[in-house]
Amino acid sequence: MKFLIRATNSILELLLLYAVILAVSAGLYAVFEAKSFGDALWWAAVTATTTGYGDIYATTLGGRIVTVFLMHVTLLFILPLLIGRIIGAMIEDRHKFTDEEQRQLLADIAFIKARLGDDEAPKA
């Protein structure tokens with residue numbers, strides 16, 4: 001699971017994974033349902049987005065299994081990760097210290113400690 005999280009760290013990687021899932025699902029659907037790859041890719045796109053026009057649908061057991069897999073993976077995995085990555089990219093933590101600011105704070109604390117000495121340090 002950690003591998004999948006790291007492998008989908010960017011929006012581009014996530015979209016690539018989505019495209020691969022669409023292509024593999026379309027390929028399997030084409031085999032099970034004896035459809036052309038173009039029709040199967042149309043079916044995969046319509047199914048993954050839950051549009052479901054009803055013009056192409058699974059009638060075999062294998063096709064239905066691929067359909068259920070594609071619907072669930074898209075809705076429960078791909079879409080939430082994609083939304084999370086997009087929102088994460090838009091959120092800016094204004095309280096986050098940069099590395100330079102952290103180094104400066106550490107230097108300031110060390111300077112203050114050196115100036116106070118052990119005898120003059122406040123006791124908690």
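How many residues does helix H3 have, and how far does it reach from its first C-alpha to its last? I started my notes there. H3 covers residues 37-48, which makes 12 residues, and it reaches 16 Å end to end between those C-alpha atoms. At 1.5 Å a residue I'd expect 16 Å, and the helix comes out close to that. Note to self: this is a predicted model, so everything below is read from a prediction.

**Entry: the rest of H3**

I looked up which H3 residues are buried, and got Ala40, Trp43, Ala44, Val46, Thr47 and Ala48. I kept the helix geometry in mind here: an α-helix has 3.6 residues a turn, so residues three or four places apart point the same way. Next I checked what the buried set packs against, and found two partners, helix H2 (11-33) and helix H4 (61-90). Just past the end of H3 I stopped at Thr50, whose phi is positive, at about 60 degrees.

**Entry: H2 against H4**

Since H3 packs on both of these helices, I looked at how they sit relative to each other. Their axes come within 10 Å and cross at roughly 170 degrees. Anything over 145 degrees counts as roughly antiparallel, and H2 and H4 are therefore roughly antiparallel to each other. I then sorted the residues of the H2 contact with H4 and wrote down 19 nonpolar, 4 polar and 2 charged.

**Entry: Ser25**

Is Ser25 buried or exposed? I picked this residue out of helix H2. Its relative accessible area is 2%, and the cut-off for buried is under 20%, so Ser25 is buried. I left aside neighbours within four places in sequence and listed its remaining contacts: Trp43, Val66, Phe69 and Leu70. Trp43 is one of the buried residues of H3, while Val66, Phe69 and Leu70 fall within the H4 range, 61-90.

**Entry: the whole chain**

Zooming out, I counted 5 helices and 0 strands, and the pattern along the sequence reads α-α-α-α-α. What does the radius of gyration come to, against a compact globule of 124 residues? I got 26 Å for the protein, where such a globule would be near 14 Å. The box filled by the C-alpha atoms, taken along the principal axes, is roughly 85 × 25 × 20 Å. Buried residues make up 22% of the 124. Last lookup: of the contacts between residues at least 6 apart in sequence, 56% join residues at least 24 apart.

Key: Residues are numbered from 1 along each chain as its sequence is written. This is a predicted model: local features need pLDDT of at least 70, side-chain atom pairs count only at pLDDT 80 or more; totals for chains, interfaces and linings use all residues. Side-chain values use heavy atoms; hydrogens and water are left out. Helices (H or I, at least four residues) and strands (E, at least two) are DSSP runs, numbered from the N terminus. The expected span of a helix is 1.5 Å times one less than its number of residues. Buried means under 20% relative accessible area, exposed over 50%, partly exposed in between (1.4 Å probe, protein chains only). Contact means heavy atoms within 4.5 Å. Axes are lines fitted to C-alpha atoms, for helices over the stretch in contact, and angles run from 0 to 180 degrees between N-to-C directions. Angles under 35 degrees count as roughly parallel, over 145 as roughly antiparallel, 65 to 115 as roughly perpendicular and the rest as oblique. Ala, Val, Leu, Ile, Met, Phe, Trp, Tyr, Cys and Pro count as nonpolar, Asp, Glu, Lys and Arg as charged, and the others, Gly among them, as polar. The radius of gyration is taken over C-alpha atoms; the globule rule is 2.2 Å times the number of residues to the power 0.38.
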